[in-house]
Amino acid sequence: MQISQVECFPLKIAADQIYLGGKATGDEADYYYRPEYRCVYSRKMETCLVKITTRDGHVGWGEALAPVVPQVIAELINQLFRPLIIGRSPFDSAVLNSRMYDAMRDRGHITGYHIDALAAVDIALWDLKGQILNLPVYQLLGGAYRETIPCYVSGLPEPDLESRALLARRWQEKGFNAFKLALGYGVSEDIHNVKVIREALGPEAQLFVDAHWNYSVAEASELSQRLHTLGVGFLEAPLLPEDVAGHRELRAKSPIAIALGETERTRYQFKPLIEQRAADILQPDVGRTGISELMHIAALAETWNLRIAPHLSVGQGPCIAASIHAAAAIPNLFMLEYQPPVFNVANQLLKQPLVCEQGAYQLPQGAGLGIEIDEDRLRKHLTEATC
């Protein structure tokens with residue numbers, strides 16, 4: 001059983017709505033900066049899928065979380081990883097992961113695009129092994145602790161607070177009762193936002209806050225104290241991601257859980273967050289870690305009695321499916337993120353849609369990731385841009 005082909009699909013998908021809200025127009029540049037969050041964003045849904053095929057025709061799909069310039073992922077896989085993979089057995093996945101990681105670690109590429117590309121290949125190899133054995137990935141990982149995966153609705157992408165409250169109410173009427181608000185606009189404004197959403201949803205709804213790295217320790221400490229009185233479950237990304245010591249100090253002061261980790265990719269990066277007790281909830285993203293590394297991170301977290309709430313933003317079909325399988329197979333799951341606009345776009349690339357309803361994802365039951373990519377639709381979104 002040998003791998004014979006590795007293909008990459010960097011995608012730019014025009015959607016009706018920009019991630020985190022706003023209308024997309026055809027005459028503006030793809031990339032823009034959101035001053036409130038510092039980061040560069042795309043007006044399109046961008047990602048990179050990888051397809052790995054064996055000589056006897058088995059196929060596995062993977063995906064890197066690549067919200068900008070996904071062609072970088074494709075170049076790395078094509079130029080650096082393909083020579084390591086071709087001719088190998090998909091069941092050599094752990095060995096291949098080590099070789100891909102080692103390929104650039106001496107040059108300091110132990111995070112960023114290099115590891116994102118590795119994550120895509122890792123997911124594809126898990127899917128491929130499942131296809132060959134006719135077993136779902138969660139069974140290959142040791143079985144499912146849960147048949148449905150609890151989730152929270154993330155972002156509420158509407159232009160004003162009143163509209164966000166109405167959108168939250170509509171989701172609540174559909175059986176969803178956990179929500180994460182994209183804030184970080186200042187302590188007073190954040191508290192006002194939470195109060196309005198809390199009033200709209202009632203005391204039983206679970207509320208979480210993403211501060212997008214915008215606060216100092218003092219500000220975040222004040223925010224956490226005030227959020228506690230509103231029944232908020234966790235404060236995500238309160239300080240700059242590099243500030244491990246600051247997060248540790250904040251966690252010691254905060255009456256609510258501190259959640260972070262979407263920026264990290266390996267157990268080595270999560271280790272100081274865990275050992276320094278800088279977080280209560282860890283948020284690895286399978287499109288940045290791969291399935292194998294996410295399981296390592298979850299196991300490490302379990303030894304410190306920490307829970308996992310996998311990050312899931314603009315990842316498409318393989319990324320979402322991989323997140324669901326991993327979430328089913330880890331004992332210390334908190335919740336999985338759910339981005340409805342992204343989820344709808346992702347399902348357009350699948351022959352059979354993934355399902356999320358009544359506050360939970362349904363666990364795919366087919367072989368591998370349990371999804372089938374519609375390649376005709378996929379190829380319509382291929383980017384011609386090169387690195």
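**Note on the cavities, main pocket and helix 3 of a predicted model**

1. The lining of the largest cavity contains eight nonpolar residues, four polar residues and no charged residue. The coordinates form a predicted model, and this applies to every point below.

2. The structure has two cavities of 30 Å³ or more. The largest cavity encloses about 70 Å³ of space. Its lining consists of Q17, I18, Y19, L20, M45, S154, G155, L156, P157, Q339, P341 and V342. Strand 6 (148-155) and helix 12 (340-347) are the elements that give two or more residues to this lining. Because domain 1 (3-138 + 374-380) and domain 2 (139-362) both give residues to the lining, the largest cavity lies between them.

3. The second largest cavity holds about 40 Å³ of space. L312, S313, G315, I320, Q339, V342, F343 and Y361 form its lining. By class, these divide into five nonpolar, three polar and no charged residues. Q339 and V342 appear in this lining and also in that of the largest cavity.

4. The largest pocket has a volume of about 820 Å³. Its lining comprises 36 residues, of which C39, Y41, P67, E262 and R288 are the closest to the pocket centre. The elements that give two or more residues to the lining are strand 3 (40-42), strand 4 (45-54), helix 3, strand 6 and strand 7 (178-182). Strand 3 gives the most, with three residues.

5. Which classes of residue make up the lining of the largest pocket? There are 16 nonpolar, nine polar and 11 charged residues. Charged residues are thus present in the pocket lining, whereas the largest cavity has none in its lining. The pocket lies between domain 1 (3-138 + 374-380) and domain 2 (139-362), because both domains give residues to its lining.

6. Helix 3 covers residues 113-133, and its 21 residues should span 30 Å at 1.5 Å a residue. The end C-alpha atoms of helix 3 are 31 Å apart, which agrees with that expectation. Helix 3 is mostly covered, with 18 of its 21 residues buried. Just after helix 3, N134 takes a positive phi of about 60°.

7. For residues 161-257, UniProt lists "domain: Mandelate racemase/muconate lactonizing enzyme C-terminal", in an unreviewed entry. In the model, the chain over residues 161-257 is 53% helix and 16% strand. The end C-alpha atoms of residues 161-257 are 25 Å apart.

Terms used. Residues numbered from 1 in each chain as written. Predicted model: local features only at pLDDT ≥ 70, side-chain atom pairs only at ≥ 80, totals over all residues. Heavy atoms only, no water. Helix = DSSP H or I, 4+ residues; strand = E, 2+ residues; numbered from the N terminus. Expected span 1.5 Å × (residues − 1). Buried < 20%, exposed > 50% of the residue type's maximum accessible area, 1.4 Å probe, protein only. 1 Å grid on protein atoms, 1.4 Å probe; cavity = no way out; pocket = protein on both sides within 12 Å on 5 of 7 lines; lining within 4 Å. Points joined across faces, edges and corners; volume = space filled by probe spheres on them. Nonpolar A, V, L, I, M, F, W, Y, C, P; charged D, E, K, R; others polar. Domains from an automatic or database assignment. UniProt positions renumbered as here; feature names shortened; annotations may be inferred.
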